[in-house]
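Hi there,

Here is the structure I promised to pass on. Have a look at it first, and my notes on what turned up follow right below.

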Amino acid sequence: MGGTEPELDEVDRGILHMLQKDARDNTTREIGEAVGVSAGTVRNRMEKLEDAGVIRGYVPDIDYERAGYQLVILFTCTASDPSESVAEDLLDKHGVVTVRKLLAGEENYHVTVVGSDTDDVSQIANSIRECGLEIVRSEVMDEEYVQPFNHFGKEFS
């Protein structure tokens, strides 16, 4: 699966779906049973998907409030010179958990941060400005609801 985008078949898409549902508790055997292949095939396919960059990593879903960070803030920002290095610089800052670079529009970055209190968030906002972004608006996030992208034509369970 070299430098081009890999052709994903139904088994690959099923594996991706099962990993999105629960990457921690779905064993390769359970995934294999759901998509109709052996556990060894699942392991091999997962490795190929990782090597091809389709699977970029396995990230836990953290409840930041329970972890001591009561404030989750979404900053909408404008960078006059958007680049990959801006995103990398932002991710190095304390409290920044996600950076989304948008393709079009003046408001071209969404930066999600977590903080323990308003002083913490103010310091994080200042560090975002130091990266050359103007904060257009900030919103306190309450809940985020996520589901696996069902792009398979049939439901795997």
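Strand 1 (residues 71-79) and strand 4 run antiparallel and are joined by 7 bridges. One residue pair to look up there is Ala79, whose bridge partner in strand 4 is Leu133. Please keep in mind that this is a predicted model.

These two strands belong to an open sheet of 4 strands, ordered 2-3-1-4 with antiparallel pairing. Which strands form its edges? Strand 2 and strand 4 do, as each of them pairs on one side only. On average, neighbouring strands of the sheet are turned by 20° against each other, with direction ignored.

Two helices lie across this sheet's strands. Helix 4 (residues 84-91) lies across strand 2, strand 3 and strand 4, and runs at about 165° to strand 2. Helix 5 (residues 118-130) lies across strand 1, strand 2, strand 3 and strand 4, and its direction is at about 150° to strand 3.

Now to the charged side chains, which may be more your thing. Side chains of opposite charge can pair when their charged atoms come close. How many salt bridges are there in the model? The count comes to 6, and I will go through some of them here.

Arg45 forms a salt bridge with Asp9, where the closest N and O atoms are 2.9 Å apart. Arg45 sits in helix 3 (residues 39-51) and Asp9 in the segment before helix 1 (10-22), so this pair ties together parts that are 36 residues apart in sequence. Arg45 also forms a salt bridge with Asp12, again with the closest N and O atoms 2.9 Å apart. Because Asp12 belongs to helix 1 and Arg45 to helix 3, that pair ties together parts 33 residues apart in sequence.

Are the two aspartates buried or exposed? Asp9 counts as partly exposed, at 31% relative accessibility. Asp12 has a relative accessible area of 2%, so it is buried.

The sheet region has a salt bridge as well: Glu107 pairs with Arg137, the closest N and O atoms being 3.3 Å apart. This one links distant parts of the chain, with Glu107 in the loop between strand 2 (96-101) and strand 3 (109-115) and Arg137 in strand 4 (residues 133-140), 30 residues apart. Glu107 is partly exposed at 31% relative accessible area, and Arg137 is partly exposed at 36%. As for Asp9, Asp12 and Arg45, salt bridges with shared partners join them into one network.

Happy browsing, and best wishes!

Technical notes. Residues are numbered from 1 along each chain as its sequence is written. This is a predicted model: local features need pLDDT of at least 70, side-chain atom pairs count only at pLDDT 80 or more; totals for chains, interfaces and linings use all residues. Side-chain values use heavy atoms; hydrogens and water are left out. A salt bridge is a side-chain nitrogen of Lys or Arg within 4 Å of a carboxyl oxygen of Asp or Glu. Buried means under 20% relative accessible area, exposed over 50%, partly exposed in between (1.4 Å probe, protein chains only). Two strands pair if DSSP finds at least two bridges between them. Axes are lines fitted to C-alpha atoms, for helices over the stretch in contact, and angles run from 0 to 180 degrees between N-to-C directions. Contact means heavy atoms within 4.5 Å.
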